[in-house]
Amino acid sequence: MATGIGRASAATPLPADEAGRLVPARFDYLDGIRAVAAMFVVVHHSWLLAYPGFPRNVGPSWLGWMLYGHMAVSVFIVVSGFSLAIAPMRRDLHLPGSSAQFIARRGWRILPTYWAALALSCVVFGVVTADRTGDAVDLKAIVVHAVMLQDVVDSAKPNGAFWSIAVEWQIYFLFPVMLYLSRRLGMSRTFAGTLLLVLAGYLLAVSLSPFERFLNITPQYIALFAMGVLAAGLLRPAADLRWTRVLLPVGVVLAVAFIALCRAQGSVWVVDHFFWVDLLVGAAVAAAIGALAVGRGHAAARLLGSRVLVGVGAYSYSIYLVHAPILWLVWHFGVSRPELSPGARLALLLATAGPIVLVTCWLFHLVFERPFLTRRSWAAWRDLLTTHAARRAGPPAPGLPPPAAVAVADLGPAQPAGER
């Protein structure tokens with residue numbers, strides 16, 4: 001999922017804000033949360049390959065937790081809302097730049113990597129294993145997915161994980177509106193109004209058939225994104241933090257309630273009621289992130305901010321985008337042997353595909369994601385190519401001026417703190 005915050009350490013504070021609080025330059029635990037969520041999705045899809053039958057759990061009951069990979073997407077959406085709202089909270093609810101510039105930055109951040117992942121998925125599912133998966137790729141599917149409309153236009157699916165990318169991309173266009181309304185009406189009222197509109201839309205969609213396509217955009221994710229924005233409001237200089245001591249206990253209680261609901265009702269019921277369950281999980285995540293943001297839960301923050309999790313979280317977007325074709329190749333060519341039991345297949349898949357996914361996605365990140373994080377405009381790329389061309393041409397002839405130097409810091413528009 002989309003996502004990064006600058007690479008400064010969370011231990012390096014910014015100057016104190018108007019309330020005298022030290023605000024970290026970076027929240028490392030957010031990358032840790034992304035890492036855990038991304039790997040949970042990988043485990044979930046591994047489980048689906050070994051135990052087809054979703055939403056029923058046809059495997060051992062003690063592996064039933066692997067069925068709920070959808071919840072990781074809910075976590076990503078809340079984290080996305082929080083991360084994108086950090087910079088506006090430090091600017092009195094104003095974006096750094098215009099709304100158009102925000103959308104352009106978002107597009108630059110996620111679209112090139114996404115298109116590369118789409119191409120890879122089409123090659124794997126449409127060419128390499130076309131005899132088994134060729135119907136997952138056709139021209140309509142490529143076009144629909146390329147323009148991020150797969151959640152509203154029916155088509156084949158080159159990569160089953162891509163549906164949420166389109167939903168989040170569309171929510172980005174609502175974010176400037178949320179900030180504007182928050183300035184005019186207040187953050188709490190804006191969130192309440194957003195939640196009421198989402199609830200009204202959902203009830204219309206499940207009651208009247210002309211509105212049922214509204215469900216395709218997973219409307220609860222709009223509310224989850226707004227929950228993340230609301231949690232980021234605790235970073236505002238004027239925020240009242242006296243009541244924040246209850247946030248972490250509330251998050252834990254809601255998480256326990258989700259687990260109890262899964263055990264009591266079962267996976268089929270949970271999947272049938274994803275709208276309400278997503279709201280429950282989103283509230284738990286938003287409460288926990290808000291608590292961590294104001295300095296509660298130091299042990300959890302240290303664990304989630306560990307070097308390994310932060311390192312994996314830095315390329316969690318690439319993991320989310322391309323883990324499916326990698327898992328499929330390992331499964332199809334190495335694990336799906338008829339002499340193995342489903343449990344043995346799952347164990348072998350996790351043992352082999354896990355490291356392969358991490359390494360391959362890291363290489364994909366280096367080639368198709370990181371360059372767009374370090375050079376954030378076409379001008380930066382043009383300057384880079386000009387510099388390379390000048391180096392290949394060799395030193396200038398005697399008497400001629402050297403080529404214009406390119407400033408190392410010229411990386412295009414700066415990425416606002418907190419935005420990923």
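Biologist: Two residues are in contact when they have heavy atoms within 4.5 Å. The model is predicted, and local features need pLDDT of at least 70 while side-chain atom pairs count only at pLDDT 80 or more, whereas totals for chains, interfaces and linings use all residues. Residues are numbered from 1 along each chain as its sequence is written, and side-chain values use heavy atoms, with hydrogens and water left out. Which residues does leucine 254 touch, not counting residues up to four places away in sequence?

Modeller: Leucine 254 sits in helix α10, residues 247-265, where helices (H or I, at least four residues) and strands (E, at least two) are DSSP runs numbered from the N terminus. With 22% relative accessibility, leucine 254 counts as partly exposed, a class lying between buried (under 20% relative accessible area) and exposed (over 50%), computed with a 1.4 Å probe on protein chains only. Its C-alpha is 8.8 Å from that of valine 285, 31 residues away in sequence, and the residues that leucine 254 touches are Leu280, Ala283 and Ala284.

Biologist: Which residues touch the most other members of the largest nonpolar core?

Modeller: A nonpolar core is a set of buried Ala, Val, Leu, Ile, Met, Phe, Trp, Tyr and Cys residues joined through side-chain atoms within 4.5 Å. The largest one holds 107 residues, and those touching the most other members are Tyr29, Phe82 and Phe175.

Biologist: Which element gives the largest share of this core?

Modeller: The largest share amounts to 13 residues. The element that supplies those residues is α2.

Biologist: Where does glycine 305 lie, and which residues is it in contact with, leaving aside its neighbours within four places in sequence?

Modeller: Glycine 305 lies in the loop between α13 (298-304) and α14 (307-313), and it is partly exposed, with a relative accessible area of 22%. Its C-alpha atom is separated by 5.6 Å from that of glycine 32, although the two are 273 residues apart along the chain. Tyrosine 29, for its part, touches glycine 305 as well as residues including Phe82 and Ile289. Leaving aside its sequence neighbours, glycine 305 is in contact with Asp28, Tyr29 and Val310.

Biologist: How many residues of helix α15 are buried?

Modeller: Helix α15 (residues 316-335) spans only 25 Å between its end C-alpha atoms, against 28 Å for a straight helix of 20 residues, the expected span being 1.5 Å times one less than the number of residues. A bend of about 50° occurs at valine 322, and proline 325 follows within four residues; this bend is the angle between axes fitted to the seven residues ending there and the seven starting there. The helix is largely enclosed by the rest of the structure, because the number of its 20 residues that are buried is 17.

Biologist: What distance does helix α12 reach from its first C-alpha to its last?

Modeller: Helix α12 (residues 274-293) is mostly covered, with 17 of its 20 residues buried, and it is followed by glycine 295, whose phi is positive, near 95°. Its reach is close to the expected 28 Å, and the value is 27 Å.

Biologist: Where is the cis peptide bond from phenylalanine 54?

Modeller: Most residues other than glycine have a negative phi, and most peptide bonds are trans. The bond in question has omega near 10°, and its second residue is found in the loop between α1 (28-50) and α2 (70-89). The cis bond runs from phenylalanine 54 to proline 55.

Biologist: What is the phi of leucine 93?

Modeller: Leucine 93 lies in the loop between α2 and α3 (99-128) and is buried, with a relative accessible area of 1%. Its phi is positive although leucine 93 is not a glycine, at about 65°.

Biologist: What is the phi of threonine 218?

Modeller: Threonine 218 is found in the loop between α8 (187-207) and α9 (220-232), and it is buried at a relative accessible area of 10%. Its phi is a positive value in a residue other than glycine, near 50°.

Biologist: Which side chain makes a polar contact with the side chain of glutamate 369?

Modeller: Glutamate 369 is found in helix α16 (residues 342-374) and counts as buried at 0% relative accessibility. A polar contact is a pair of N or O atoms within 3.5 Å; within protein, one must be able to donate a hydrogen and the other to accept it, and residues adjacent in sequence count only if both atoms are side-chain atoms. At 2.9 Å, the partner of glutamate 369 is histidine 365.
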